[in-house]
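Q: Could we go through this structure together? I would like to begin with how a charge over a ring is defined and then move on to the fold.

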Amino acid sequence: MDSYRNAITAAGDKTTKMLWQVAFDAPINHKLLAEIIQYNMTTKQTMTTFWRP
């Protein structure tokens, strides 16, 4: 999340250490979500644990 914290807050959402908080009645930024998913898939390909060290 640290890599995308500024983009998430610029979109009007909130972040915690490990979560992206989207308001219940707010639209989801699908482009940013896709970027974060792709980042996680790419960076975690060789990891054997769920959480990053």
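A: A charge counts as sitting over a ring if NZ of Lys or CZ of Arg is within 6 Å of the ring centre and within 35 degrees of the ring normal. Please note that this is a predicted model.

Q: Which residue lies over the face of Phe-50, and at what distance from the ring centre?

A: Lys-44 lies there, at 4.6 Å from the centre of the Phe-50 ring.

Q: Is Phe-50 itself buried or exposed?

A: Phe-50 is exposed, as its relative accessible area is 58% and the exposed class begins over 50%.

Q: Now the general layout. How many helices and strands are there?

A: The protein has 2 helices and 2 strands. Read from the N terminus, the elements follow the order α-β-β-α.

Q: What does the C-alpha trace span along its principal axes?

A: The span is about 35 × 20 × 20 Å.

Q: And what share of the residues is buried?

A: Of the 53 residues in the protein, 11% are buried. The accessible surface comes to about 4500 Å², and carbon and sulfur atoms account for 60% of that area.

Q: Which residues make up the largest nonpolar core?

A: That core has 5 residues, namely Tyr-4, Ile-8, Trp-20, Leu-32 and Ile-36.

Q: Take Leu-32. Where does it lie?

A: Leu-32 lies in helix H2. Its relative accessibility is 6%, so Leu-32 counts as buried.

Q: What does Leu-32 touch, leaving aside its neighbours within four places in sequence?

A: Leu-32 is in contact with Tyr-4, Ala-7, Ile-8 and Trp-20. As for Ala-7, the two residues are 25 residues apart in sequence, while their C-alpha atoms are 8.0 Å apart in space.

Q: What about Ile-36, with the neighbours within four places in sequence again left aside?

A: Ile-36 is in contact with Tyr-4, Ile-8 and Trp-20.

Q: And Leu-33, is that buried, partly exposed or exposed?

A: Leu-33, also placed in helix H2, is partly exposed, with a relative accessible area of 31%. Apart from neighbours within four places in sequence, Leu-33 is in contact with Trp-20 and Ile-28. From Leu-33 to Ile-8 the C-alpha distance is 9.4 Å, across 25 residues of sequence.

Q: How much of the contact set is long-range, at 24 or more positions apart?

A: Among contacts with a separation of 6 or more, 24% are between residues 24 or more positions apart.

Q: Moving to aromatic rings, how many pairs are there?

A: There are 2 aromatic pairs.

Q: Why is the pair of Tyr-4 and Tyr-39 classed as edge-to-face?

A: The ring planes of Tyr-4 and Tyr-39 stand at 70°, and planes over 60 degrees apart count as edge-to-face. The ring centres are 5.6 Å apart. The pair links distant parts of the chain, 35 residues apart: Tyr-4 is in the segment before helix H1 (5-10) and Tyr-39 is in helix H2 (residues 30-43).

Q: Which accessibility classes do the two tyrosines fall into?

A: Tyr-4 counts as buried because its relative accessibility is 17%, whereas Tyr-39 is partly exposed at 30%.

Q: How are the rings of Phe-50 and Trp-51 arranged?

A: Their centres are 4.8 Å apart and their planes stand at 85°, so this pair is edge-to-face. Trp-51 is exposed, with a relative accessible area of 53%.

Q: Any charged pairs? How many salt bridges are there?

A: The count is 1 salt bridge. Arg-5 forms a salt bridge with Asp-2, and the closest N and O atoms are 2.6 Å apart.

Q: How accessible are Arg-5 and Asp-2?

A: Arg-5 is partly exposed, with a relative accessible area of 23%. Asp-2 is exposed at 62%.

Q: Last one: where is Gly-12?

A: Gly-12 is in the loop between H1 and strand E1 (14-15). With a relative accessibility of 62%, Gly-12 counts as exposed. The C-alpha atoms of Gly-12 and Asp-2 are separated by 16 Å, and these residues are 10 residues apart along the chain.

Definitions and conventions
Residues are numbered from 1 along each chain as its sequence is written. This is a predicted model: local features need pLDDT of at least 70, side-chain atom pairs count only at pLDDT 80 or more; totals for chains, interfaces and linings use all residues. Side-chain values use heavy atoms; hydrogens and water are left out. Rings of Phe, Tyr and Trp (its six-membered ring) pair if their centres lie within 6.5 Å; planes under 30 degrees apart count as stacked, over 60 as edge-to-face and the rest as tilted. Helices (H or I, at least four residues) and strands (E, at least two) are DSSP runs, numbered from the N terminus. Buried means under 20% relative accessible area, exposed over 50%, partly exposed in between (1.4 Å probe, protein chains only). A nonpolar core is a set of buried Ala, Val, Leu, Ile, Met, Phe, Trp, Tyr and Cys residues joined through side-chain atoms within 4.5 Å. Contact means heavy atoms within 4.5 Å. A salt bridge is a side-chain nitrogen of Lys or Arg within 4 Å of a carboxyl oxygen of Asp or Glu. Accessible areas come from the Shrake-Rupley method with a 1.4 Å probe; for residues, only the protein chains shown count as cover.
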